[in-house]
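Open the model in your viewer and keep the selection panel at hand. Please walk through it with me, stop by stop.

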Amino acid sequence: MIMRNRTNLFLIVCIFIISVCIRFYLSHFTASPIVFGDELLWSRLAESLHNNFNTDFRGNHFISQNIFYPLIISVAYFLEDSALIYAVIKLINCILMSAVVFPIFFLTRRIFDNKWLVFILVIASISIPDMFQTALIMQEPLFYLVITTTFYFIYREFEDPGKFLSIKWSIFITLLLYLCNFTKATGLSIFLSYIIYLSLSYILFKHINLKQLLFKYIFVIISFAFFYFLMNFLVKFINGFPEISDLYSGLFYFQLNLDFFIKVTTGLFLISFYTILAFMIMPVIVTIAGISKKNSAINQLNIFIILNTFITIIIIDSMLFVRETSNFMETRIHVRYLFVYFIYYLIVSTYHLYNKNKKIINLTLIVTSSIIAILSSAILEKYKLVYPMLYVDAMMLASFNFYYKYDIVKILFNISIIGSLTIFVYWLCKKKFKQTLIFTFVVVFMISLYNSFCMYTLYSRNYYNIGSGFGSSELKKEIVSINNYLKEQDKVKNIKVLLMPITEVKLNGGDTFRIDSLESMLNVRYSVLAFEESINESFKNGVFNIENFFPIGYKYTNSTKERFGKIDYVITTVDNVIFDGLIPVSIDGVGKYYKIYKVNDERGIFRVSQMIIDRHKDMWTNGLTKVRVYSDKQDINLEFNLNAQANPVDPKLIITDSTNHEEITIVKRLGSTYNFSAHKKIEDPYFEITLKSTDVFIPSKVIPNSLDPRQLSFRLLDIKIIN
């Protein structure tokens with residue numbers, strides 16, 4: 001059954017090279033990092049491992065158990081150009097993820113005597129939508145390769161367990177199991193599944209005696225613990241034994257109450273349902289229906305892959321779903337932690353169909369198919385996938401963006417799922433295994449191609465849509481220009497930069513994502529400080545004296561932070577703010593997404609002079625805007641430059657300060673100025689003036705050809721302090 005042919009191996013190498021080339025070409029449609037803060041985290045850890053041989057991230061010695069991926073991509077930092085480093089990391093991803101063809105080839109040729117099936121399955125392994133992970137600085141490319149390699153050797157053990165009881169083999173297989181966890185936290189499920197399966201195989205198949213089982217248990221667990229604590233020690237050693245921050249320590253906090261159990265139960269159901277949907281239903285149904293007590297390697301792989309999937313789902317449910325889900329009506333499903341198992345469902349189901357296993361035609365197959373066909377539409381409607389997360393967390397479900405957008409897609413989906421499962425079950429009941437196998441392959445490749453098309457469409461749209469910013473070519477140009485400028489300045493003097501987003505990272509995006517994009521590719525020393533959080537808490541007086549200030553750090557971190565130190569440059573996305581002590585720096589091609597300043601004060605101090613809140617970039621307001629003016633005086637006179645040119649009426653404007661002093665004026669549509677005497681209380685750190693009007697209009701209803709749906713009132717063009 002084992003094919004040995006150099007020509008076949010040569011063809012596999014060709015498939016590998018073609019895959020690398022195609023994926024590397026497609027990866028250029030992400031011009032800059034777009035997944036935050038994952039890409040930011042792994043790129044910065046890789047840079048720290050290369051430059052400083054530690055795991056420093058924003059002044060935190062970070063993570064100890066999942067740094068295999070940044071360790072691999074750290075070789076890219078032998079280069080100095082940030083754009084080239086980014087390209088090399090993506091090339092490494094393409095090589096890693098395309099390399100799964102080798103373990104899949106070696107595995108499938110041990111299972112099938114039909115070389116065409118082997119090549120179809122090899123191609124299927126690199127045709128899944130999650131291959132677009134090659135364009136991201138994420139762990140998944142390495143995780144896919146490590147998992148497929150580990151499964152190959154585990155299958156070798158399934159073939160003849162009695163031959164694999166030596167100490168050397170136990171150390172080797174445990175090292176592979178540890179590398180799964182060393183790459184990604186959910187890789188722990190492979191180790192847990194292996195341990196549990198040792199007991200199951202002893203009960204079901206009696207491959208080894210109880211003494212051998214206990215020996216293997218003890219040796220594998222001790223070896224895994226040895227690798228785990230050895231790596232923890234080495235990471236602490238290279239960092240000088242600090243307190244290590246842990247990305248995952250805060251993810252397992254929960255309270256045992258009714259709400260928790262409801263979330264856990266619902267999570268297990270939803271993650272399982274969407275995983276079956278992502279794995280294209282039929283391979284999963286056949287694999288589940290194919291479980292038996294038969295003492296064969298393929299049946300053991302059958303049981304092992306289902307066990308592995310279930311344990312991974314439990315980990316995802318307890319670690320992420322319970323914590324992230326506040327509303328079951330909008331569900332975030334992390335298929336990217338599970339996609340590595342899909343190819344094994346396809347392999348096992350192909351084996352059952354190719355070998356005409358009549359035992360798969362059972363009640364389990366028929367009932368499961370019927371339930372999915374009948375209930376899938378209702379579940380999709382009630383528990384909607386979170387739209388922004390589909391592209392990253394569930395690339396195998398990316399096409400469902402259209403499902404929720406267009407009713408016609410819903411109708412076609414319902415027809416296709418009922419129709420395809422009806423054909424599938426009918427042909428199996430008629431024992432038409434060949435037709436069922438061909439039909440399964442056609443469905444798998446068509447759905448994979450369609451979901452891949454959706455991913456490609458998203459990336460190319462981001463790349464060419466200059467207005468969106470995220471991952472666009474124009475954003476990359478600004479990042480490259482900033483990096484080149486800072487690199488030249490760093491040659492003259494060892495500089496440090498302050499990155500200042502408007503606010504901390506939020507799920508709905510925002511300017512912080514652009515700052516994270518820049519940070520992922522920055523090649524000088526830097527610190528990060530969120531503007532709004534800082535000015536509302538740490539620097540309420542508007543004075544940023546940050547030399548001895550400890551930064552907030554990154555989410556989930558708890559280790560000691562380093563002081564900021566003196567700052568030479570500030571790069572920000574903050575609008576509507578005038579700073580004292582900062583000199584604008586002009587760089588060709590920079591200005592749409594970032595503003596860069598040089599710090600004028602020798603101590604690195606700068607301050608906010610004026611700040612406008614709730615004003616749109618086009619100067620319009622939605623009827624209410626606030627102005628903060630920082631001054632040591634108790635009374636000041638301000639001149640507001642106003643207009644309301646598109647407003648059908650001259651809006652009435654009420655201006656109020658924090659002492660409730662109020663003045664009323666009319667804003668002329670062609671423009672007017674108004675002098676306002678502002679006062680503040682002694683304890684107030686700044687003047688806060690509110691400008692309010694109820695005379696609003698909607699541009700799309702007033703201005704010809706306008707599509708602007710906002711409710712606008714007046715424009716605040718400028719503010720001057722006139723005394």
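The tour covers a sheet, a pocket and a cavity. Bear in mind throughout that this is a predicted model.

**Stop 1: the sheet**

Start by selecting β6, β5, β8, β11 and β10. These five strands form an open sheet, and they lie in just that order. The pairing is mixed. Now colour the edges. They are β6, residues 525-528, and β10, residues 582-584. Each of these two pairs on one side only. Look along the sheet and follow its twist, which averages 30° from one strand to the next.

**Stop 2: β5 beside β8**

Narrow the selection to residues 496-500 and 569-572. These are β5 and β8, and they run parallel. Four bridges join them. Which residue of β8 is the bridge partner of L499? Pick I571: that is the partner.

**Stop 3: the helix on the sheet**

Add residues 473-492, helix α20. The helix packs on the sheet. Its contacts there are with β5, β8 and β11, the last being residues 595-599. Compare directions as well: α20 makes about 170° with β8.

**Stop 4: the second largest pocket**

Go next to the second largest pocket, which holds about 950 Å³ of space. Select R44, E47, V524, R525 and Y526. Among the 46 lining residues, these are the closest to the pocket's centre.

Then show the elements around the pocket. At least two lining residues come from each of α2 (38-51), β1 (56-57), α4 (82-98), α20, α21 (512-521) and β6. So two elements from earlier stops, α20 and β6, return here. Which element supplies the largest share of this lining? Highlight α2, with five residues. Colour the lining by class to finish: 19 residues are nonpolar, 13 polar and 14 charged.

**Stop 5: the largest cavity**

Turn to enclosed space. The structure holds two cavities of 30 Å³ or more. Centre the view on the largest, with about 140 Å³ of space. Its lining has 13 residues. Select E157, P161, L198, S201 and H207, which lie nearest the centre of this cavity.

Show α7 (140-159) and α9 (188-205) as ribbons. These are the elements that give two or more residues to the cavity lining. The largest share, five residues, comes from α9. By class, the lining of the largest cavity divides into eight nonpolar, three polar and two charged residues.

Definitions and conventions. Residues are numbered from 1 along each chain as its sequence is written. This is a predicted model: local features need pLDDT of at least 70, side-chain atom pairs count only at pLDDT 80 or more; totals for chains, interfaces and linings use all residues. Side-chain values use heavy atoms; hydrogens and water are left out. Two strands pair if DSSP finds at least two bridges between them. Axes are lines fitted to C-alpha atoms, for helices over the stretch in contact, and angles run from 0 to 180 degrees between N-to-C directions. Contact means heavy atoms within 4.5 Å. On a 1 Å grid over the protein atoms alone, a cavity is a set of points where a 1.4 Å probe fits but cannot get out, and a pocket is an open set with protein on both sides within 12 Å along at least five of seven lines; lining residues have an atom within 4 Å of a point. Grid points are joined across faces, edges and corners, and a volume is the space filled by probe spheres set on the points. Ala, Val, Leu, Ile, Met, Phe, Trp, Tyr, Cys and Pro count as nonpolar, Asp, Glu, Lys and Arg as charged, and the others, Gly among them, as polar.
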